[in-house]
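Biologist: Got a minute to walk me through this model? I'd like to get a feel for the fold before I go back to the bench.

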Amino acid sequence: MDTKHAYINKMKAQLDELEANIERYQVKADQASADAEIEYKEKVEELKEQRNEAKEWLNKVADASDDAWDSLKDGFTDAYDRMRKAFS
């Protein structure tokens, strides 16, 4: 497996993990008090937007030529890192 495909597979696995975290936040929002529910739901929406951005970048990386994918992966990495930090 070449580097591009290995990177894409690794990022897909990390996105799946983050998707599970979003679902856990959604459960917490559903079970929270009214004030906390609003905060959780806002966080869930923010995370979903970041997830969508990361998925878009990953799709660009997957579709990129071998010459262009290296620069595109930086965009995905940045989007992924912002989403991961949001869980911290």
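Biologist: Let's start with α1: which residues are buried there?

Modeller: One thing up front: this is a predicted model. In α1 the buried ones are Lys4, Tyr7, Ile8, Met11, Leu15, Leu18, Asn21, Ile22, Tyr25 and Ala29.

Biologist: And how many residues does α1 have, and how far does it reach?

Modeller: There are 29 residues in α1, and from first C-alpha to last it reaches 42 Å. That is close to the 42 Å expected at 1.5 Å a residue.

Biologist: Okay, zooming out. How many helices and strands does the protein have?

Modeller: Three helices and zero strands. Along the sequence the pattern reads α-α-α.

Biologist: Is the protein a compact globule or more spread out?

Modeller: More spread out, because its radius of gyration is 15 Å, well over the 12 Å that the globule rule gives for 88 residues. Along the principal axes, the C-alpha trace spans about 50 × 20 × 20 Å.

Biologist: What share of the residues is buried?

Modeller: Buried residues are 30% of the 88. As for the accessible surface, that comes to about 5,700 Å², with 45% belonging to carbon and sulfur atoms.

Biologist: Now the inside. Which residues touch the most other members of the largest nonpolar core?

Modeller: Leu15, Leu47, Leu58 and Phe76, out of 17 residues in that core. Each of α1, α2 and α3 (69-86) supplies at least two of the core's residues. The largest share comes from α1, with seven residues. As a general point, nonpolar side chains in soluble globular proteins tend to be buried together.

Biologist: Phe76 caught my eye. What is Phe76 in contact with, ignoring its neighbours within four places in sequence?

Modeller: Tyr7, Met11, Leu15, Ala54, Trp57, Leu58 and Val61. Tyr7, Met11 and Leu15 are also among the buried residues of α1.

Biologist: What about contacts across the whole chain: what percentage of those between residues at least 6 apart join residues at least 24 apart?

Modeller: That figure is 65%.

Biologist: Switching to charges. How many salt bridges turn up in the whole structure?

Modeller: Two. One joins Glu19 to Arg51, with the closest N and O atoms 2.9 Å apart. Glu19 sits in helix α1 (residues 3-31) and Arg51 in helix α2 (residues 34-63), 32 residues apart, so this pair links distant parts of the chain.

Biologist: Is Arg51 buried or exposed?

Modeller: Arg51 is buried, because its relative accessible area is 11% and the cut-off for buried is under 20%. Its partner Glu19 comes out at 22%, so Glu19 counts as partly exposed.

Biologist: And which residues make the other bridge?

Modeller: Lys41 and Glu37, at 3.0 Å from N to O. Both are in helix α2, four residues apart, about one turn of the helix. Lys41 is partly exposed at 35% relative accessibility, and Glu37 is partly exposed too, at 25%.

Biologist: Why would side chains like that pair up at all?

Modeller: In general, side chains of opposite charge can pair when their charged atoms come close.

Biologist: Last one, Gln50. Where is Gln50 found, and is Gln50 buried or exposed?

Modeller: Gln50 is in helix α2, and with a relative accessible area of 14% Gln50 is buried. Not counting residues up to four places away in sequence, Gln50 touches Arg82, Met83 and Ala86.

Key. Residues are numbered from 1 along each chain as its sequence is written. This is a predicted model: local features need pLDDT of at least 70, side-chain atom pairs count only at pLDDT 80 or more; totals for chains, interfaces and linings use all residues. Side-chain values use heavy atoms; hydrogens and water are left out. A salt bridge is a side-chain nitrogen of Lys or Arg within 4 Å of a carboxyl oxygen of Asp or Glu. Buried means under 20% relative accessible area, exposed over 50%, partly exposed in between (1.4 Å probe, protein chains only). A nonpolar core is a set of buried Ala, Val, Leu, Ile, Met, Phe, Trp, Tyr and Cys residues joined through side-chain atoms within 4.5 Å. Contact means heavy atoms within 4.5 Å. The expected span of a helix is 1.5 Å times one less than its number of residues. The radius of gyration is taken over C-alpha atoms; the globule rule is 2.2 Å times the number of residues to the power 0.38. Accessible areas come from the Shrake-Rupley method with a 1.4 Å probe; for residues, only the protein chains shown count as cover.
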